[in-house]
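Let us walk through this structure step by step, beginning with one helix and moving on to the interior.

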Amino acid sequence: QAVLEALDEELVALRQKIAIATTPEVPGKRVARELGAVTAEGAAGSGFQRVAEKRALLSLMQRALALGADAVVNVRHEGHIPGKTPWKIGRVILAGTAVKLAE
């Protein structure tokens, strides 16, 4: 639970800097230019899917920010590989397009 709370705090801070959308556009904004594809993977022990998803989202946002992006659009799950046994690791792979928004 403490791990989820810490990840949520990081996500709240990053959302002040970068928007995330599963659609080609951010509502109320216009995409000025595409900066490129970004992908990220999150992992956690089996049974901790939400932790893996949040880690992947944080990494995706950080990678897009490093490119100078204001948003990541078309965010989607590229893969989910759950652990087959309790001690194996579950992974989540997210992908999207880093974009610069118009002023």
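Which are the buried residues of helix 1? They are Leu-4, Leu-7, Leu-11 and Leu-14, where buried means under 20% relative accessible area, exposed over 50%, and partly exposed in between, with a 1.4 Å probe and protein chains only. This is a predicted model, in which local features need pLDDT of at least 70 and side-chain atom pairs count only at pLDDT 80 or more, while totals for chains, interfaces and linings use all residues. Residues are numbered from 1 along each chain as its sequence is written, and side-chain values use heavy atoms, with hydrogens and water left out.

Seen down the axis of helix 1, the buried residues fall within an arc of 85° and so line one face of the helix; the arc is that of the directions from the helix axis to the C-beta atoms. Helices (H or I, at least four residues) and strands (E, at least two) are DSSP runs, numbered from the N terminus. On the other side of helix 1, Ala-2 and Glu-9 are exposed, whereas its buried residues pack against helix 2 (49–66), with contact meaning heavy atoms within 4.5 Å.

The largest nonpolar core, a set of buried Ala, Val, Leu, Ile, Met, Phe, Trp, Tyr and Cys residues joined through side-chain atoms within 4.5 Å, has 22 residues. Helix 1, strand 2 (31–45), helix 2, strand 3 (71–81) and strand 4 (89–101) each give two or more residues to this core, and helix 2 gives the most, with 8 residues. A second, separate core of 6 residues includes Ala-21, Val-26, Ala-71 and Val-99.
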